[in-house]
Amino acid sequence: MNLLELREVSKTYTTRQRTVQALDGVSLGVKEGEIVMITGRSGSGKSTLLHVMSCLDRPTSGSVVVKGKETKDMGREELALFRNSNMGFVFQSYTVLPGYSVLENVMLPGLIKGFPAGELRARAEELLSMVDLSNDTDMDAVNLSGGEQQRVAIARALINDQDMIFADEPTGALDSRNAENVMEIFSRINAEHNKTIIFVTHDRSLSRYADRLIELMDGRIVDGGET
Ligand SMILES: Nc1ncnc2c1ncn2[C@@H]1O[C@H](COP(=O)(O)OP(=O)(O)O)[C@@H](O)[C@H]1O
Ligand SMILES: [Mg+2]
């Protein structure tokens with residue numbers, strides 16, 4: 001069974017000026033433990049696809065099934081809870097909250113969920129060691145380098161023991177050395193903790209970190225779709 005499945009998903013944005021078909025009949029399946037890379041030119045629909053797959057946004061038509069659950073049938077709040085328990089997010093930039101320590105940044109989504117602080121602290125320390133940041137836990141997160149901030153974001157994406165990470169251009173603001181480092185951390189948590197990772201990039205050279213490449217053009221999959 002697929003961990004995540006899209007069937008004939010379309011997404012249209014309607015503004016006052018125009019209608020844009022950002023996704024057009026996309027079908028794909030993602031298996032547990034896969035690393036999937038979504039690529040394509042600017043405007044091809046990568047972010048929209050990631051948002052729809054991760055239930056940050058709903059499709060205009062078609063079906064999104066995650067862990068066997070049809071997300072159409074879930075209400076707004078139920079979906080938000082489902083997302084918070086199953087999915088972690090890493091974005092391109094502004095990923096840490098200034099004025100909070102590295103440790104607090106990682107604990108935050110768990111505090112929102114109401115987990116006991118002591119338990120979260122222990123878990124955050126463990127996650128920070130997983131991303132090689134054990135020595136910086138008390139520092140204000142904003143003082144870390146860009147690459148280190150992305151590693152904080154990865155640790156934070158797993159604080160509720162989510163089994164999927166969605167990342168939109170996670171290396172987009174990094175130099176190549178830091179980009180490699182972030183990708184190596186994704187590889188490691190995939191290999192050692194069986195986390196499923198779905199990331200968007202326009203950088204083709206990162207495909208060596210992926211099990212599968214999905215290429216989009218004008219909202220359609222031109223390579224790597226279905227199961
Ligand atoms: N909120 C929105 N409102 C209107 N159009 C949008 C919105 N988000 C994206 N689009 C349009 O949908 C298309 C796909 O965008 P996007 O998914 O962001 O592509 P990518 O991430 O590959 O650059 C583009 O034409 C973009 O302008
Ligand atoms: Mg984008």
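Reader: Which residues come nearest to ligand 1?
Author: Gly43, Gly45, Lys46, Ser47 and Thr48 come nearest, of the 13 residues around ligand 1. Keep in mind that this is a predicted model.

Reader: What makes the approach of Thr48 to ligand 1 a polar contact?
Author: A side-chain N or O atom of Thr48 is 2.6 Å from an oxygen atom of ligand 1. The cut-off is a pair of N or O atoms within 3.5 Å, so this pair counts. Gly43 reaches an oxygen atom of ligand 1 through a polar backbone atom, at 2.7 Å. For Gly45, a backbone N or O atom lies 3.1 Å from a ligand oxygen.

Reader: How much of ligand 1 does the protein cover?
Author: The protein covers 64% of the 560 Å² of accessible area that ligand 1 has on its own. Both β2 (19–30) and α1 (46–53) give two or more residues to the shell. α1 gives the most, with three.

Reader: Why is the pair Phe89 and Phe91 called stacked?
Author: Their ring centres are 6.1 Å apart, and centres within 6.5 Å make a pair. Their planes are at 5°, and under 30 degrees counts as stacked, so the label fits.

Reader: What makes Phe89 and Phe166 a stacked pair?
Author: The centres lie 5.9 Å apart and the planes are at 25°, again under 30 degrees, so this pair is stacked too. Phe89 sits in strand β6 and Phe166 in strand β7, 77 residues apart. Ring pairs link Phe89, Phe91 and Phe166 into a cluster.

Reader: How do you know whether Phe166 and Phe91 are buried or partly exposed?
Author: Buried means under 20% relative accessible area. Phe166 has 0%, so Phe166 is buried. Phe91 has 35%, between 20% and 50%, so Phe91 is partly exposed.

Methods: Residues numbered from 1 in each chain as written. Chains lettered and ligands numbered in written order. Predicted model: local features only at pLDDT ≥ 70, side-chain atom pairs only at ≥ 80, totals over all residues. Heavy atoms only, no water. Near = heavy atom within 4 Å. Polar contact = N/O pair within 3.5 Å; in protein donor to acceptor, adjacent residues only side chain to side chain. Areas by Shrake-Rupley, 256 points an atom, 1.4 Å probe, with all protein chains shown as cover. Helix = DSSP H or I, 4+ residues; strand = E, 2+ residues; numbered from the N terminus. Phe/Tyr/Trp six-rings, centres within 6.5 Å; stacked < 30°, edge-to-face > 60°. Buried < 20%, exposed > 50% of the residue type's maximum accessible area, 1.4 Å probe, protein only.
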